[in-house]
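Colleague: Thanks for sitting down with me. Could you show me the model and let me ask how each label was earned?

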Amino acid sequence: MERRMAAPRTAKKRQNGKFDFKGFLHLIRQTKPKYWQLWVGLTLGLIATGAQLAVPKFAQSLINGLGHAMNQPLLIGVIVLFVVSAAVSAISGALLGFFGENVVARLRSNLWQKLVRLRVSYFDNVKTGEMTSRLVNDTMQIKDLLANSFPQMVTSLFQLVGALVIMLLMDWRMTAIMFSAVPLMMLVMWPIMRQSGRIGHQRQDAMAAFSGETDETLSEIRLVKSSNAESYETQTGTEQIQDLYRIGLREAIYDAIASPVMTATMLAVFVGVLAYAAVRVSAGTMSMGTMFSFMMYLFQIIGPAGTLARFFTDLSKANGSTERVRDLLSEPEEALSEGTPQSVSDATLAMEHVDFAYEDGQPILHDVNFDAKPNTVVAFAGPSGGGKSTIFGLLERYYQPQNGQVTLGGADVRDFNLSDWRSQIGYVSQDSAIMAGTIRHNLTYGADRNFTDDELWHVLKLASADGFVAKMTDGLDTQVGERGVKVSGGQRQRLAIARAFLRDPKILLLDEATASLDSESEAMVQQALTELMKGRTTLIIAHRLSTIVDADNIYFIEDGHVSGHGTHHELMESLPLYRDYVRIQFKE
Ligand code: ADP
């Protein structure tokens, strides 16, 4: 299926379906697995298989002894062998299962750790549903290979070779007849297996795309409803389901062909061997017991032969998953802990000749310069799409400027410790982000120490949010719903402000709410913000005239460039663009 989303990093060139053992081993090694579980599990699996191989030999003796008194010790021996081999096999299965689960758990931990540390630009290009699919489905595929297919392959191979050797020793001519069918079978099965692996690959991709698409739709369910887009979404969803269905059908066809082809070939071999054996028995050159035990070995190798064939399909499926997981793990992370911590207090924050583009060839900011002196209020104004939020993104260091630098006290902030940097910046955006969970969880989210209830109530009071929180049924422990749907826009903002109070940042980045708040909420939010801004350096994306008028310095941003700066009155005098903007925006 055509991949619908931009996922340039995960769509690297595939390796022609050849299994990348080195890559796979490297990936597994990264998880530091408990190898002893693998080895002990495998060894026990081989022992159990060995015991199974011995059964037909016992049966042979039993049958050849027919007509005489029952050989009791032999019978008991066979029963004990059964029980012991079943027990050993169970232990082996459990150990291998533990091994696989352990690897997949660590792999998921690594992936998760990676995902939350990836650069923001990665998230601009790849859908979250696709990432979770990697985290859940692809790791599962790898586990299947590791915990099921691989051990089964080893024991099957052992069983196959073991049975072959015993059969050769018993009767080499019969064995030769039987195994002449093997190359024939391979010839028939090989294309089917290859195709089946390829389809498995496509299915994983289609699944990731599907989960990406549905994830996004469901998380924007309000937009879907307000736009009456249910039918459209049903349609697009159904199309993807149909894609998956078509892939599933093809897979079903190949699976359906594979199994009867195998069975028919096996049956043919079986009948051939049986006929030959019957001739030999009647001619007296072979005992009845030998014939039966031979047939039992034949049955014993049917299963392993199928397992071996399936192994290659699983290998090919896991190959795609391995590649995608490895791609994801090799994505660059933010260097959160590198660089020296640097206090931002009493230093001027500035941008010097900054050029920036989210994507190559599409410049967004060019030659942006500004400075924000300590404890002043700097406002950014200008038409929407001009690049104001982008400037904030650079200040938070979500992105790096391509040219120029963001400086603090004249030094490039690139060299400062990123975690430390962000801990000193408070960002209150228009649609303040809220996580599912309690009010308490949201206030203390990411904090490195515990806070008392008194401290929390104190910041809520500073943010004029204590009133509505106190009225909630569970107070601080009230659930706010997914993305905070159970609190209003104004309340959400005041919670974000309370959170900023708690973090006590030296630099504030405020993205002023537009018209989304009612006037009462707006007044409360405004009051809370004014309180928050005291004693901090504040950079604010202004949407209200009063904010601009009160600011110490205004930068007018238009088309990714600073067209002018100064106080409101200075700009009204000197910059006609600004005058027009104010006139239209605020009807001045
Ligand atoms: P403002 O905040 O002034 O409204 P923005 O900084 O949000 O402007 O946007 C400036 C330009 O950058 C717009 O053309 C927008 O389409 C583009 N842009 C914003 N975010 C991204 C992104 N993550 N990837 C690509 N382009 C973006």
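Colleague: Which element gives the largest share of the lining of the second largest pocket?

Modeller: That is α4, with 4 residues. This is a predicted model, by the way. Two elements give two or more residues to that lining, α4 (120–125) and β1 (349–357). The pocket is lined by 26 residues, and those nearest its centre are Arg-119, Ser-121, Tyr-398, Tyr-399 and Gln-400. Its volume is about 660 Å³.

Colleague: How do the lining residues of that pocket divide by class?

Modeller: The split is 10 nonpolar, 5 polar and 11 charged. Tyr counts as nonpolar under the rule used here, and Tyr-398 and Tyr-399 are among the residues nearest the centre.

Colleague: What makes a space a cavity here, as opposed to a pocket?

Modeller: A cavity is a set of points where a 1.4 Å probe fits but cannot get out, whereas a pocket is an open set. By this rule there are 3 cavities of 30 Å³ or more. The second largest cavity holds about 50 Å³ of space. Its lining consists of Leu-394, Arg-397, Tyr-399, Gln-400, Pro-401, Val-406, Asp-412, Val-413 and Arg-414. By class that gives 5 nonpolar, 1 polar and 3 charged residues.

Colleague: Asp-412 is in that lining. Which residue stands opposite Asp-412 in the sheet?

Modeller: Thr-407 does, with Asp-412 sitting in β5. Strand β4 (residues 403–408) pairs with β5 in the antiparallel sense over 2 bridges. Pairing requires at least two bridges, so these strands meet the rule.

Colleague: Why are β2 and β5 said to stand at the edges?

Modeller: The sheet is open, with 4 strands in the order β2-β1-β4-β5 and antiparallel pairing. β2 (363–372) and β5 (411–412) each have a single partner strand, so one side of each is left without a neighbour in the sheet.

Colleague: How do you know that β8 is mostly covered?

Modeller: Strand β8 (residues 537–541) has 5 of its 5 residues buried. Thr-537, Leu-539 and Ile-541 are buried on one side, and Thr-538 and Ile-540 are buried on the other, which leaves both faces covered.

Colleague: Which strands pair with β8, and in what sense?

Modeller: Strand β3 (residues 377–381) pairs with β8 in the parallel sense over 4 bridges, and Val-377 has Thr-538 as its bridge partner there. Strand β7 (residues 507–511) also runs parallel to β8, joined by 5 bridges. In that pairing Leu-509 stands opposite Leu-539.

Colleague: On to the cores. Which residues touch the most other members of the largest nonpolar core?

Modeller: Met-178 and Val-273, in a core of 47 residues. The elements giving two or more residues to this core are α1 (21–30), α2 (35–64), α3 (72–117), α5 (128–170), α6 (172–179), α9 (230–283) and α10 (288–329). Of these, α10 gives the most, 13 residues. As for Met-178, once neighbours within four places in sequence are set aside, its contacts are Met-167, Val-269, Val-273, Phe-294, Leu-298 and Ile-301. A second, separate core has 45 residues, including Leu-508, Leu-532, Leu-571 and Tyr-581.

Colleague: Why is Thr-307 called buried?

Modeller: Buried means under 20% relative accessible area. Thr-307 is at 12%, so it counts as buried. Thr-307 lies in helix α10 and, leaving aside neighbours within four places in sequence, is in contact with Gln-152, Met-153 and Ser-156.

Colleague: And what makes Ala-105 partly exposed?

Modeller: The partly exposed class lies between the 20% limit for buried and the 50% limit for exposed. Ala-105 has a relative accessible area of 40%, so it is partly exposed. The residue belongs to helix α3. Ala-105 and Lys-143 are 38 residues apart in sequence, with 9.4 Å between their C-alpha atoms.

Colleague: How does Ser-423 count, at 35% relative accessibility?

Modeller: By the same limits, Ser-423 counts as partly exposed at 35%. Its place is in helix α12 (residues 418–423). The C-alpha atoms of Ser-423 and Asp-504 are separated by 8.9 Å, and the two residues are 81 apart along the chain.

Notes: Residues numbered from 1 in each chain as written. Predicted model: local features only at pLDDT ≥ 70, side-chain atom pairs only at ≥ 80, totals over all residues. Heavy atoms only, no water. 1 Å grid on protein atoms, 1.4 Å probe; cavity = no way out; pocket = protein on both sides within 12 Å on 5 of 7 lines; lining within 4 Å. Points joined across faces, edges and corners; volume = space filled by probe spheres on them. Core = buried A, V, L, I, M, F, W, Y, C linked by side-chain atoms within 4.5 Å. Buried < 20%, exposed > 50% of the residue type's maximum accessible area, 1.4 Å probe, protein only. Contact = heavy atoms within 4.5 Å.
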